[in-house]
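Please open the model in your viewer and keep the selection tool at hand. The tour goes from the whole chain to individual side chains.

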Amino acid sequence: MTTAGQAQRQRDRWRYIGILVGGLALAIGFGIQLILLIPTTYTATSAVALRPLAADVPADTVEMLAHEYGVSLSSAETADLAGSDAASGGTAGSNDADVSVSTVQDPGTATLRIVVASTSRSAAIQVANELAAYAVAQGEDDTTTRVVPVVEAGVAGVSAVPPRKLYIAALLCLAALVLAGGLYRIRERT
């Protein structure tokens, strides 16, 4: 049999636990909504390489041509051209996808990586591959080098930022720590 003081402490303990769990549930719900509101950016990469057509073409010349191709491919006009081709290619939602293009030349080589970031996975892949095809087409008239595709962008190579699953796991771990600490404090207090 319990006394009135013990019964009051028990009610207080359950009230504090209810407040703690309810507050954590609201915080977790709000945190997950914020995580899901962050737009996902997908990054796809394709690569082309410049190969000299003759043995007497200096490596510096080939690297300089690769640099020029990189500047051309990362220009807004070329990205818009490839983006409009991708949108007319029938992918749903590519018209609304934000696309940004950058190129990276591997040091000491004539290999050019075409990195496309977009809010649409399919648009990123299509634009990266279209830019690689554009570089190959532009290189057909070149008398010193030949542009060859090295890597084609595909679904397996697309990275997504932010890592939502990691953020949600971190949020749940933090909530578990707060719950454990809160329960300890409630137990000590009542």
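Begin with the sheet, in a model that is predicted. Select strand β1, residues 41-52, together with strand β4, residues 145-151: the two run antiparallel and are joined by six bridges. Within this pairing, A49 stands opposite V148 in β4.

Keep β1 selected and add strand β3, residues 111-118. These two strands also run antiparallel, with eight bridges between them. Return to A49 and look towards β3, where T111 stands opposite A49. A49 therefore has a partner in β3, namely T111, and a partner in β4, namely V148.

Now add strand β5, residues 159-161. Three bridges join β5 to β1, and the pair is antiparallel. The residue to pick out on β1 is T43, which stands opposite S159 in β5.

Next, select V151, which is found in strand β4. Is V151 buried, exposed or in between? Its relative accessible area is 38%, so V151 is partly exposed, the limits for that class being 20% and 50%. Show the neighbours of V151 beyond four places in sequence: the residues touched are T45, S46 and A47. Then draw a C-alpha to C-alpha distance from V151 to A132; the viewer should give 8.9 Å, for two residues 19 apart in sequence.

Zoom out to the whole protein chain. Colour by secondary structure to find five helices and five strands. Followed along the sequence, their order is α-β-α-α-β-β-α-β-β-α.

With the C-alpha trace displayed, align the view to the principal axes. The trace spans about 100 × 35 × 25 Å along them. The radius of gyration of the chain is 28 Å, whereas a compact globule of 190 residues would have one near 16 Å.

Switch on the surface. The accessible area of the protein chain comes to about 11500 Å², and carbon and sulfur atoms account for 60% of that. Colouring by burial marks 33% of the 190 residues as buried. For a contact map, take pairs at least 6 apart in sequence: 77% of these contacts join residues at least 24 apart.

Move to helix α1, residues 4-37, and select L37, which lies in that helix. L37 is exposed, because its relative accessible area is 64% and the class begins over 50%. Add F30 and L34 to the selection. Together with L37 they form a nonpolar surface patch with about 350 Å² of accessible area.

Stay on α1 for the charged side chains. Side chains of opposite charge can pair when their charged atoms come close. How many salt bridges does the structure hold? There are two.

For one of them, select D12 and R15, whose side chains meet at 3.2 Å, N to O. Both residues lie in helix α1, three residues apart, or about one turn of the helix. D12 counts as buried at 17% relative accessibility, while R15 counts as partly exposed at 44%.

For the other salt bridge, select R113 and D106, with an N to O distance of 3.1 Å between their side chains. R113 is partly exposed, with 35% relative accessibility. D106, at 18%, counts as buried, since the cut-off is under 20%.

Note on methods
Residues numbered from 1 in each chain as written. Predicted model: local features only at pLDDT ≥ 70, side-chain atom pairs only at ≥ 80, totals over all residues. Heavy atoms only, no water. Helix = DSSP H or I, 4+ residues; strand = E, 2+ residues; numbered from the N terminus. Buried < 20%, exposed > 50% of the residue type's maximum accessible area, 1.4 Å probe, protein only. Contact = heavy atoms within 4.5 Å. Patch = residues over 30% accessible without salt bridge, like charges linked within 9 Å, V, L, I, M, F, W, Y side chains within 5 Å. Areas by Shrake-Rupley, 256 points an atom, 1.4 Å probe, with all protein chains shown as cover. Salt bridge = Lys/Arg side-chain N within 4 Å of Asp/Glu carboxyl O. Rg over C-alpha atoms; globule rule 2.2 N^0.38 Å.
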